[in-house]
Structure formats: structure tokens, C-alpha cells
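Trainee: Hey, can we go through this one together? I'd like to start with a cysteine.
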Amino acid sequence: MAVTIKKVGVIGSGQMGNGIAHVAALAGFDVVLNDVSDERLKSAMATINGHLSRQVAKQTITEDARKKALARITSTETLDGLADCDLVIESAVEKEEVKRKIFHELCSVLKPEAIIATNSSSISITRLASSTDRPERFIGIHFMNPVPAMELVELIRGIATDDLTFDTAKEFVTRMGKQIAVSEDFPAFIVNRILLPMINEAIYTLYEGVGNVEAIDAAMKLGAHHPMGPLELADFIGLDTCLSIMQVLHEGLADSKYRPCPLLVKYVEAGWLGRKTQRGFYDYRGDKPVPTR
């Protein structure tokens with residue numbers, strides 16, 4: 001039988017973290033949102049309120065539901081603030097050394113029965129679990145971006161994840177109204193194993209001069225009915241995240257077909273990471289996005 005989750009901690013208040021906090025609070029969970037600065041936390045709360053307000057305007061939730069969801073979210077700048085959580089979901093940057101450091105510090109403050117989850121989009125759950133004192137109570141809960149709008153959540157067991165943890169995670173995700181896809185613990189799991197190589201190939205197509213940014217995105221939107229072109233999508237995800245996932249695939253599967261495109265590497269080195277830095281394959285600093293190549 002699953003354990004009842006009442007209080008959820010979320011580590012990282014960026015795009016994914018604030019989205020997870022949003023949907024968890026709306027589903028009735030008490031949420032503690034953690035980040036390293038008060039400024040980031042205030043920005044995250046403003047983002048959550050803005051997204052909830054849009055849902056009210058679209059009449060998908062009521063004003064009362066918005067107020068109650070916001071009231072369920074508290075924030076903390078220290079991991080100590082997560083001590084009484086039943087489930088803690090890490091949603092930090094997609095770098096293994098950062099995540100392992102967080103888990104090492106987190107375990108000392110959590111109650112013994114608490115479950116730890118990672119929102120990692122690519123890194124081995126088994127390997128991350130080994131940096132904790134509870135690999136049997138560790139699981140991958142990978143939300144899609146943007147969290148409030150996307151229906152799917154991938155669940156990934158590590159080699160030591162027990163049935164109780166898996167069943168509890170399933171119940172938690174279901175309560176939020178999400179659909180579950182269970183993935184084995186392979187690099188990038190299911191969605192990103194398929195999606196990111198497609199984006200990387202689109203970047204190679206640009207790099208080799210087969211088409212420009214507008215032509216490539218138009219081809220996939222109009223020719224394959226994709227709602228967003230692959231280069232536009234890369235900017236939305238974040239080019240640094242795209243590169244990190246491709247590096248995990250390349251190193252983990254040892255196949256040259258996953259080699260990150262040199263142009264992707266160059267954009268990341270330039271700090272052109274997409275929408276979050278206002279420049280990527282498009283320049284977002286004006287009234288309308290303009291292709292940068």
C-alpha cells in the first residue's frame with residue numbers, strides 16, 4: 001500500500017520547480033519551496049501567482065482555488081525547512097555533481113521515512129540514489145515543461161527503489177491529475193531519448209546549412225504538425241539543458257549518433273541559452289523573436 005503524502009518539498013524554484021509547486025499546491029498538498037535566495041523565491045511565487053491567475057481568467061480554476069493554492073505554499077532558503085516533508089522533489093540544474101551534493105546534505109535533515117525524488121530529465125536514478133542514505137526510498141519523478149500544462153510524468157525506478165516508494169509516487173502523480181509513463185533507468189528515459197536527438201539533428205541541419213532557423217522550424221511545424229519548431233523548442237527548454245542531456249546520452253550510450261552538435265556547444269559557451277537569456281536560436285530582446293542565423 002502507498003504511503004499518504006501530505007507535505008511536499010521542492011528544491012529549486014526555477015521554471016520546473018515553481019511549476020511542480022504550482023500543481024502540487026493546486027492538488028491540495030502543502031508545499032515547501034526551497035532555493036538559495038529570497039529573491040529567487042519571491043520571483044517564483046510571483047510566477048506561480050501569475051500562472052494561477054491565468055487559469056482563473058480561462059475559467060479552468062476558481063479564484064478561491066487560486067487563493068487556497070497560494071496559501072499552501074511556503075518558502076525556505078535552507079534545507080532544514082524541508083525537515084518535516086513526506087516527499088522532497090529535487091529540481092536543480094541538470095548537473096550530476098550538483099544534485100549529488102544536494103542529496104548528501106538533504107538526507108541529514110529529513111525524517112527517516114521521507115521519500116526523495118529527482119526531476120532529472122536524463123541522469124541515472126540508480127547513480128543519484130547511491131548518494132543518499134535511502135536508495136530504496138529514492139525515485140525519478142520527471143515532469144514535463146511547462147508543468148501546469150503538460151499531462152505526462154515519467155516515473156523511473158532505480159535498481160534499489162522499493163514497491164512502496166513506487167506505489168506512493170504513482171498515487172502522488174495521479175492525484176495531481178497527470179498521466180504516468182514508466183521508464184527503465186536508461187539515459188534520458190523515454191521522452192528525452194527521442195526528443196533531444198531530434199532537436200540535436202535540427203541543430204546539425206542548421207550547422208550544415210541545409211536550412212536557416214525559420215525554414216527548419218516552419219518545415220517541422222507545417223510538414224510534421226509539431227506545435228513548436230525544434231529550434232524554438234530548444235530555446236524554450238534552454239540550450240544548456242539540451243546540451244547536458246545530449247552529453248548524458250553520448251557518454252551513457254557510447255554512440256556517435258548522440259554527439260552534441262558543435263553549434264549547440266558554441267551557443268552555450270556564448271551564454272546564448274534561449275529564452276531565459278533572451279538569445280538563442282532566436283533573439284527575444286525586441287517586440288518579436290528574430291532568428292540569430
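Trainee: So, is Cys 242 buried or exposed?
Mentor: Cys 242 counts as buried, at 1% relative accessibility. Buried means under 20% relative accessible area, exposed means over 50%, and partly exposed is in between, with a 1.4 Å probe and protein chains only. Keep in mind that this is a predicted model, where local features need pLDDT of at least 70, side-chain atom pairs count only at pLDDT 80 or more, and totals for chains, interfaces and linings use all residues. Residues are numbered from 1 along each chain as its sequence is written, and side-chain values use heavy atoms, leaving out hydrogens and water.
Trainee: OK, and how many disulfides does the structure hold?
Mentor: Zero. A disulfide here is a pair of cysteine sulfur atoms within 2.5 Å.
Trainee: Why no bond for Cys 242?
Mentor: Because its closest cysteine sulfur, in Cys 261, is 12 Å away, which is too far. Cys 261 is buried too, at 0% relative accessibility.
Trainee: New topic: what order do the strands of the sheet come in?
Mentor: Eight strands form an open sheet in the order 3-2-1-4-5-6-7-8, with mixed pairing. Strand 3 (73-76) and strand 8 (179-183) are the edges, each pairing on one side only. Strands are DSSP runs (E, at least two residues) numbered from the N terminus, and two of them pair if DSSP finds at least two bridges between them.
Trainee: In which sense do strand 5 and strand 6 pair?
Mentor: Strand 5 (residues 115-118) and strand 6 (residues 138-143) are parallel, over three bridges.
Trainee: And which residue stands opposite Ile 116?
Mentor: That's Phe 138, in strand 6.

Notes
Helix = DSSP H or I, 4+ residues; strand = E, 2+ residues; numbered from the N terminus.
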